[in-house]
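Open the model in a viewer and keep the sequence panel visible. The tour goes from one strand pair to the sheet, then to the packing around it.

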Amino acid sequence: MPVYVGGAIAVALLVGSFLNGNIVLLILGIGALAVAYYNFPLTETGRPRLGANQYGIFVEGLGIIQWRAIDHLDLTEIAVRVLTLHELQIALKQPLSKALIADWRRLPWYRMLMRLPWKMTHNNVIRITLDPFDRAPDEVHRTLLRMWRHYRS
């Protein structure tokens, strides 16, 4: 939704700016276009964002985290006003550079300013917001937890 609404607002503001010659509308239109560009990965359906196999957990824009490097997987609920956001927290036993089997943090230039599905905290925990995904957060957590228990040995 932020992509479509932001894009529509950007088009309206940019057209209004060119018709009226108003610099304020131009700046607001560029800002709305930047919001739509930042959130564009939310509309992509053909690309995997999160996955797992026998080697580890795949996270888009990060790489593959090996199962042995994971200390624990937690599902955290964060209450924000009237919303409840669900976040998968992957605590690592070792630094991220050693935990990754495949490091895909280098992105193409056109994707560098787009939204990534993960954030890294100071205490070696990777946080992934699960609400944009098409599966229920507890189902994603249960599946990853089951796979982690099976493959970590």
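**Stop one: a strand pair**

Select β4 and strand β5 (residues 83-92), which pair in the antiparallel sense over 10 bridges. Strands (E, at least two residues) and helices (H or I, at least four) are DSSP runs numbered from the N terminus, and two strands pair if DSSP finds at least two bridges between them. Within this pair, pick E77: its bridge partner in β5 is H86.

This is a predicted model, in which local features need pLDDT of at least 70 and side-chain atom pairs count only at pLDDT 80 or more, while totals for chains, interfaces and linings use all residues. Residues are numbered from 1 along each chain as its sequence is written, and side-chain values use heavy atoms, with hydrogens and water left out.

**Stop two: the sheet**

Add β8 and β7 to the selection: the 4 strands form an open antiparallel sheet in the order β4-β5-β8-β7. At its edges lie β4 (70-80) and β7 (118-120), each pairing on one side only. Next show helix α4 (residues 137-151), which packs on the sheet and touches β4 and β5 (contact: heavy atoms within 4.5 Å). The direction of α4 makes about 170° with that of β4 (axes are lines fitted to C-alpha atoms, for helices over the stretch in contact; angles run from 0 to 180 degrees between N-to-C directions).

**Stop three: around I65**

Finally, select I65 and display its neighbours. Not counting residues up to four places away in sequence, I65 touches Y55, G56, I57, V59, I70, I90, L92, A99, L100 and I126.
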